[in-house]
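Visitor: Please pick one part of this model and go through it closely: what it packs against, at what angles, and with which residues. Leave the rest for another time unless it helps to place that part.

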Amino acid sequence: MQQSEHFDPSRETRLLLRKSRQGALATLMAGRGDPYCSLVNVASHPDGTPIVLISQLAVHTKNILADSRVSLMLDERTEGDPLQGGRIMLLGRAEDVASDELVMVRRRYLNAHPSAEAFVDFKDFSFFVIRATNVHLVAGFGRIVDLGPEQFLTPIADAKPLLEAEQGAIAHINADHRDAVNLYATKLLGAAPADWRCTGCDPAGIDLAAGRLVLRLDFPERVIGPEALRRMLVGLAEQARATA
């Protein structure tokens, strides 16, 4: 992570939760308690909670069903020495997704990992969320902080209208406003030109992706409904064009 005098550990943690697409999932071997670590694909719940899609045939799933305690490491994946980049170790419990959230979790995961469409409906695959109890953030020399979930998760209790409209908004943005999406990425976030698409939106910001590259654009203020989202995105597009 870029070092600066202003260090906001909550924001750094939120960025890693939103931008990460892979992580190392550590579980406890069923019946033995030995540590077991595996690579998993990750997406994010609207509040930032990690989502995983795993098979009941996998060792880590069998471990979770016996003991739900897990840890998940997410890192910045920067070039050069990986220890110079930011990373978080999230501790918590893996939980089945509630039935009333399954449709939302499924679409958010597929937005992040379209290739999972090929197996998402296999009977042995299930979605789990990692309910955090705390996070250990390492963001550079002397920047090591422990945080509770209230310090990095995004409140969504008042944002039901936005979450219900999310998928329609994403489809509209990508179909009709790709020029604005590319401006967000290049002018506001400093990324190189690419085929940038919107993959998610929540009260605190939107997620953008181009192939394996992922960006997060934070909103300057909370958005809890579709009309407020439209106004926010128009304003950000105008800001981006002003920097051209």
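Guide: Residues under 20% relative accessible area count as buried, those over 50% as exposed, and those in between as partly exposed. The model is predicted. By that scale threonine 243, with a relative accessibility of 44%, is partly exposed. Threonine 243 sits in the segment that follows helix H6. In space its C-alpha is 6.6 Å from the C-alpha of lysine 187, although the two residues are 56 apart in sequence. Lysine 187 is one of the residues through which helix H5 touches H6, and H5 is the part to look at closely.

H5 covers residues 178-188, and H6 covers residues 226-242. Two packed helices are described by the angle between their axes and the distance between the axes. For H5 and H6 the axes come within 9 Å and cross at roughly 55 degrees. Angles under 35 degrees count as roughly parallel, those over 145 as roughly antiparallel and those from 65 to 115 as roughly perpendicular, with the rest oblique; H5 and H6 are therefore oblique to each other. The crossing of H5 over H6 is left-handed. On the H5 side the contact is made by Asp179, Ala180, Leu183, Tyr184, Lys187 and Leu188. H6 contributes Leu233, Val234, Leu236, Ala237, Gln239, Ala240 and Arg241. Sorted by class, this H5-H6 contact has nine nonpolar residues, one polar and three charged.

An α-helix has 3.6 residues a turn, so residues three or four places apart point the same way. The buried residues of H5 are Ala180, Val181, Leu183, Tyr184 and Ala185. Ala180, Leu183 and Tyr184 are also among the residues in contact with H6. The cover over the buried residues of H5 includes H6, helix H4 (160-176) and the strands S9 (197-202), S10 (205-210) and S11 (213-218). Just after H5 comes glycine 190, with a positive phi of about 75 degrees.

The packing of H5 with H4 has another geometry. Here the axes are 5 Å apart and the angle is about 95 degrees, so H4 and H5 are roughly perpendicular to each other. From H4 the residues Ile173, Asn174 and Asp176 meet Arg178, Asp179 and Val181 of H5. By class, two residues of the H4-H5 contact are nonpolar, one is polar and three are charged. Asp179 takes part here, and Asp179 is also listed in the contact with H6.

H4 in turn packs with helix H3. The axes of H3 and H4 come within 11 Å and cross at roughly 30 degrees, and these two helices are therefore roughly parallel. H3 passes H4 in a left-handed crossing. Arg107, Arg108 and Asn111 of H3 meet Leu163, Glu166, Gln167 and Ile170 of H4. That contact divides into two nonpolar, two polar and three charged residues.

Side chains of opposite charge can pair when their charged atoms come close. Arginine 108 and glutamate 166 form a salt bridge, with 2.4 Å between the closest N and O atoms. Arginine 108 belongs to H3 (residues 102-112) and glutamate 166 to H4, so the pair ties together parts 58 residues apart in sequence. Both arginine 108 and glutamate 166 are buried. Through shared partners, salt bridges join Arg11, Arg18, Arg107, Arg108, Glu166, Asp202, Asp207, Arg216 and Asp218 into one network.

S9, one of the strands that cover H5, also has a salt bridge to place it. Aspartate 202 pairs with arginine 18, the closest N and O atoms being 3.5 Å apart. Aspartate 202 is in S9 and arginine 18 in helix H1 (residues 9-19), so this salt bridge ties together parts that are 184 residues apart in sequence. Aspartate 202 is buried, with a relative accessible area of 0%, and arginine 18 is buried at 3%. The structure holds 19 salt bridges.

For contrast, phenylalanine 141 lies in the loop between strands S7 (125-138) and S8 (144-147). Phenylalanine 141 is exposed, at a relative accessible area of 84%. From C-alpha to C-alpha, phenylalanine 141 is 39 Å from valine 234, which is one of the H6 residues in contact with H5.

Conventions. Residues are numbered from 1 along each chain as its sequence is written. This is a predicted model: local features need pLDDT of at least 70, side-chain atom pairs count only at pLDDT 80 or more; totals for chains, interfaces and linings use all residues. Side-chain values use heavy atoms; hydrogens and water are left out. Axes are lines fitted to C-alpha atoms, for helices over the stretch in contact, and angles run from 0 to 180 degrees between N-to-C directions. Helices (H or I, at least four residues) and strands (E, at least two) are DSSP runs, numbered from the N terminus. A crossing is left-handed if the near helix is turned anticlockwise from the far one by less than a right angle, and right-handed if clockwise. Contact means heavy atoms within 4.5 Å. Ala, Val, Leu, Ile, Met, Phe, Trp, Tyr, Cys and Pro count as nonpolar, Asp, Glu, Lys and Arg as charged, and the others, Gly among them, as polar. Buried means under 20% relative accessible area, exposed over 50%, partly exposed in between (1.4 Å probe, protein chains only). A salt bridge is a side-chain nitrogen of Lys or Arg within 4 Å of a carboxyl oxygen of Asp or Glu.
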